[in-house]
Amino acid sequence: MALRDFALLVFVCLLWATNNIVSKYVVAYLHAPPLFYAAVRFGIVALAVFPWLRNPPRPLWRLLLVAVCMGAGSFAFMFMALKTASPSSAAIVSQLMVPTTTLLSFLLLGERLSLRRSLGILLTLVGALAVMWDPHGFTLTGGLAFVLVSVVLGSLGAVLMKQMEGVKPLQFQAWVGLASFAVLVPMSLIFEPGAVETGLSIGWPFWAAVIFSALVVSVFGHTAYYWLIQRYEANLISPLTLMTPLATIGLGVAITHDPFDARMAFGAAVALAGVLIIAMRPNQVMLLLLNLRGRAR
């Protein structure tokens, strides 16, 4: 990978990690209604890339279903999770999206589930369970439960998108924005009465955060990521995106003072190792192990 492209990927991962912290601050400390926050974000995205709504790929129902799953479903539940969950724990548990997508691909698309990927799924699950474990036993808090819902919906959308062809990155973002906005607005009106007034009362911090999330993170960040995916193999890009949860943990500890003890460190290491095993090809895994062995001498 060219150094320029690697630097771009690092910057995108840092943007995503920063967005996790910003979203936590908005919904937990500024008390912005999460569904309203998500609706405004996707409304801005839809306006920014409105021209790309033309000539959508068929069938349209599948595109809308994918858009709602990966947009309104995944992001709204993550914002709801961040009201109570720390960015660090949410980032670790959200790594279940990779094995969940792999499992759904096996169940819905009939893709082969190798022993290596099965091991990766098991490790990721063990890591996530370690994060959700406390000295008094296993507890699934409301925040982390919302993370799991976000993971399942995002994974389902990713699997359904595998059956679609000819969707351009900005075109997909336009439909995600429009479909998610259409779903989230009535949900916010029903479940978050007074959300508009609350958002307006927060003032410029709310609007600065939502514009950053919509234009910088979504429009620029995701478009840059899709551009990199088109230039390089996904098996190269996917492992490198593990910089996002690592950066989220670091920023969470430094900025929002997330608790990070030995249990969290173990869970993070095991979960990320599982994701790495799933994402990398067997020859890449062996090369990595050989390099690590050589450095240990």
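In the predicted model, S188 is placed in helix α8, which covers residues 169-191. With a relative accessible area of 4%, S188 is buried, since this value falls under the 20% below which a residue is counted as buried. Once neighbours within four places in sequence are set aside, the contacts of S188 are with L35, F36, P193 and A195. A further relation across the chain links S188 with P34, for although their positions lie 154 residues apart in sequence, the C-alpha atoms of the two are 8.4 Å apart in space.

At the level of the whole protein, the secondary structure amounts to 14 helices and two strands. The protein has 297 residues, of which 48% count as buried, and its accessible surface comes to about 14,500 Å², with 71% of that area belonging to carbon and sulfur atoms. When contacts between residues at least 6 apart in sequence are considered, 89% of them join residues that are at least 24 apart.

Several individual helices illustrate such contacts between separate parts of the chain. Helix α7 comprises residues 142-161 and contains S150, which at 2% relative accessibility counts as buried. Apart from neighbours within four places in sequence, S150 is in contact with G73, S74, F77, M78 and M97. In helix α12, formed by residues 243-255, the residue T248 is found, and its relative accessible area of 0% places T248 among the buried residues. The contacts of T248, again leaving aside neighbours within four places in sequence, are made with A17, N20, I21, P87, S88 and A91.

Helix α13, which spans residues 262-279, holds I277. At 18% relative accessibility I277 counts as buried, because the limit for that class is set at under 20%. Beyond neighbours within four places in sequence, I277 is in contact with R116, L119, G120 and L123. One of these partners, L119, lies 158 residues from I277 along the chain, while the C-alpha atoms of the two residues are separated by 7.8 Å.

The nonpolar interior was examined next. In soluble globular proteins, nonpolar side chains tend to be buried together. In this model the largest nonpolar core has 52 residues, and the members that touch the most other members are V26, Y37, I92, V93, V147, L184 and F206. For V26, the residues touched, not counting those up to four places away in sequence, are H31, A32, Y37, F206 and A209. A second core, separate from the largest one, consists of nine residues and includes V12, W16, A224 and L228.

Nonpolar side chains also contribute to the surface, where F11, V196, L200, W207, I211, L215, V216 and F220 make a nonpolar patch of about 660 Å². Two elements, α9 (195-202) and α10 (204-231), each give two or more residues to this patch, and the largest share, five residues, comes from α10. Among the patch residues, F220 is placed in helix α10 and counts as partly exposed at 37% relative accessibility, because this value lies between the 20% limit for buried residues and the 50% limit for exposed ones.

Finally, cysteines and charged side chains were considered. A disulfide is a covalent bond between the sulfur atoms of two cysteines. A search of the whole structure finds zero disulfides. C13 is buried, with a relative accessible area of 1%, and C69 is likewise assigned to the buried class, with a relative accessible area of 7%.

Side chains of opposite charge can pair when their charged atoms come close. The search of the whole structure finds one salt bridge, in which the side chains of R4 and D5 meet with an N to O distance of 3.2 Å. As for the exposure of the two partners, R4 is exposed, with a relative accessible area of 59%, whereas D5 counts as buried at 1% relative accessibility.

Terms used: Residues are numbered from 1 along each chain as its sequence is written. This is a predicted model: local features need pLDDT of at least 70, side-chain atom pairs count only at pLDDT 80 or more; totals for chains, interfaces and linings use all residues. Side-chain values use heavy atoms; hydrogens and water are left out. A nonpolar core is a set of buried Ala, Val, Leu, Ile, Met, Phe, Trp, Tyr and Cys residues joined through side-chain atoms within 4.5 Å. Buried means under 20% relative accessible area, exposed over 50%, partly exposed in between (1.4 Å probe, protein chains only). Contact means heavy atoms within 4.5 Å. A disulfide is a pair of cysteine sulfur atoms within 2.5 Å. Helices (H or I, at least four residues) and strands (E, at least two) are DSSP runs, numbered from the N terminus. Accessible areas come from the Shrake-Rupley method with a 1.4 Å probe; for residues, only the protein chains shown count as cover. Patches are made of residues with over 30% relative accessible area and no salt bridge: like charges are joined within 9 Å, nonpolar side chains (Val, Leu, Ile, Met, Phe, Trp, Tyr) within 5 Å. A salt bridge is a side-chain nitrogen of Lys or Arg within 4 Å of a carboxyl oxygen of Asp or Glu.
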